[in-house]
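This report looks at metal coordination and charged side-chain contacts. The sequence and structure come first, followed by the description.

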Amino acid sequence: QAKQDGRGLFRLYQEHMGRQDSEEFQLDQDIKAALTQQQFQLHYQPIFALGSPRLLGFEALIRWPHPQKGWIAPDQFIPFAEQHGLISRIDRYVLQQAVAQLVAWQAHWPEHCYISVNVSGLAFSEANFATQLLELIADAGIKPAWLAIEITERALIENIAQARTALKELRLAGVKVLLDDFGTGYSSLSYLNEFKLDVLKIDRSFIASMKPKIQDNPVINTVIALAKTLDLLVVAEGIENQCQCELLKSLGCDAGQGYWFSRPVPAADAVCWLS
Ligand code: C2E
Ligand code: MG
Ligand code: MG
Ligand code: MG
């Protein structure tokens, strides 16, 4: 009976699974439903130049208003989606939404600004990731330089060959490439020679542990100097107060984002930064 009808099979399956398995099964189902029902939304966090407070762009961050469970944070489903083969569908969805947002903002979008999108390392395991993204951009009729992708050190290291090809293709077309969470991943810096990047984002854990005196922050100081040497723009993540902001400015950090400026907000609220 159970083998013949779908529901019986599901019940049988459920009975044989532990609680964790059934929670995982549920999350898997819920993510798939969220994708088809377009439940995911993007919120936008502005990024500002620290010298003159000028808008550089926005980071797009996924938000999930779950129909039963309320808002679910990305840390609670992105790693799961990566492990369960769902991340490339999420990445594609997010890229489509960000591009659609740029189309909507096109008329008053500042030429030098970008929206950056977080993509998982697995994106590179799809052979035509870069080509598909460039097609999406071309079809939308927006400038490639308005879009940036954020990748982590781990994503680069685990897919060196594919990442190199994909990043070259994207950068050649004008799409910016940002290295996210810098300093949390690998102790080897040799990969910085392997890839051409545009922006280095200092992980917020470094910002959170900054000392009030300029000279007491040798690590951040060195990271900023490294970025300058590599001709990369440096963005500090997680700036939460004026003190951190001033200190980073004095240390020569180019730009920053964080609650001090603004939390990630819906597109309808982010639009106020454009004028
Ligand atoms: P991330 O890319 O490093 O994003 C920065 C995180 O820091 C965001 O958390 C943001 O809301 C938070 N944040 C920003 N300013 C501050 C601050 O001043 N203080 C503190 N404490 N936190 C701040 P969020 O949105 O929860 O995202 C967490 C992570 O989930 C992201 O880290 C990123 O790795 C991943 N993620 C988010 N959206 C996406 C997405 O669309 N696709 C993929 N593949 N991953 C995503
Ligand atoms: Mg990011
Ligand atoms: Mg980050
Ligand atoms: Mg992160």
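Which side chain meets K143 in a salt bridge, and at what N to O distance? In this predicted model, the partner is E111, at 2.8 Å. K143 sits in the loop between α5 (129-140) and β5, and E111 in the loop between α4 (87-105) and β4 (114-118), so this contact ties together parts 32 residues apart in sequence. K143 is partly exposed at 41% relative accessibility, and E111 is partly exposed at 48%.

The count of salt bridges comes to twelve. Three of them are tabulated here.

| Salt bridge | N to O distance | Sequence separation |
|---|---|---|
| K143 and E111 | 2.8 Å | 32 residues |
| E59 and K201 | 3.0 Å | 142 residues |
| E82 and R154 | 3.8 Å | 72 residues |

The pair of E82 and R154 forms a salt bridge at 3.8 Å. This contact links helix α3 (residues 78-83), which holds E82, to helix α6 (residues 153-158), which holds R154. E82 is partly exposed at 26% relative accessibility, and R154 is partly exposed at 44%.

For E59 and K201, the closest N and O atoms are 3.0 Å apart. That salt bridge connects strand β2, with E59, to strand β7 (residues 199-202), with K201. Both residues are buried. A network of salt bridges links E59, E150, K201 and E237.

E59 also belongs to a metal site. The magnesium ion (ligand 2) has as protein donors E59 (OE), N118 (OD1), E150 (OE) and D180 (OD), at 2.1 to 2.2 Å. Their spacing along the sequence is E-x58-N-x31-E-x29-D. Of these donors, E59 in strand β2 (residues 55-66) and E150 in strand β5 (residues 147-152) are 91 residues apart. E59 has a relative accessible area of 4% and E150 one of 2%; each is therefore buried, the cut-off being under 20%.

The magnesium ion (ligand 3) takes its protein donors from D180 (OD), D181 (OD) and E237, the last listed with two OE entries, at 2.0 to 2.6 Å. Along the chain these donors follow the spacing D-D-x55-E. D181 lies in strand β6 (residues 176-182) and E237 in the loop between β8 (233-236) and α11 (242-250), so the two donors tie together parts 56 residues apart in sequence. D181 is partly exposed, with a relative accessible area of 24%, whereas E237 is buried at 10%.

How far apart are the magnesium ion (ligand 2) and the magnesium ion (ligand 3), and which residue coordinates both? The separation is 3.9 Å, and D180 is the bridging residue.

Note on methods. Residues numbered from 1 in each chain as written. Chains lettered and ligands numbered in written order. Predicted model: local features only at pLDDT ≥ 70, side-chain atom pairs only at ≥ 80, totals over all residues. Heavy atoms only, no water. Donors = N, O, S within 2.8 Å, 3.2 Å for Na, K, Ca; no water. Helix = DSSP H or I, 4+ residues; strand = E, 2+ residues; numbered from the N terminus. Buried < 20%, exposed > 50% of the residue type's maximum accessible area, 1.4 Å probe, protein only. Salt bridge = Lys/Arg side-chain N within 4 Å of Asp/Glu carboxyl O.
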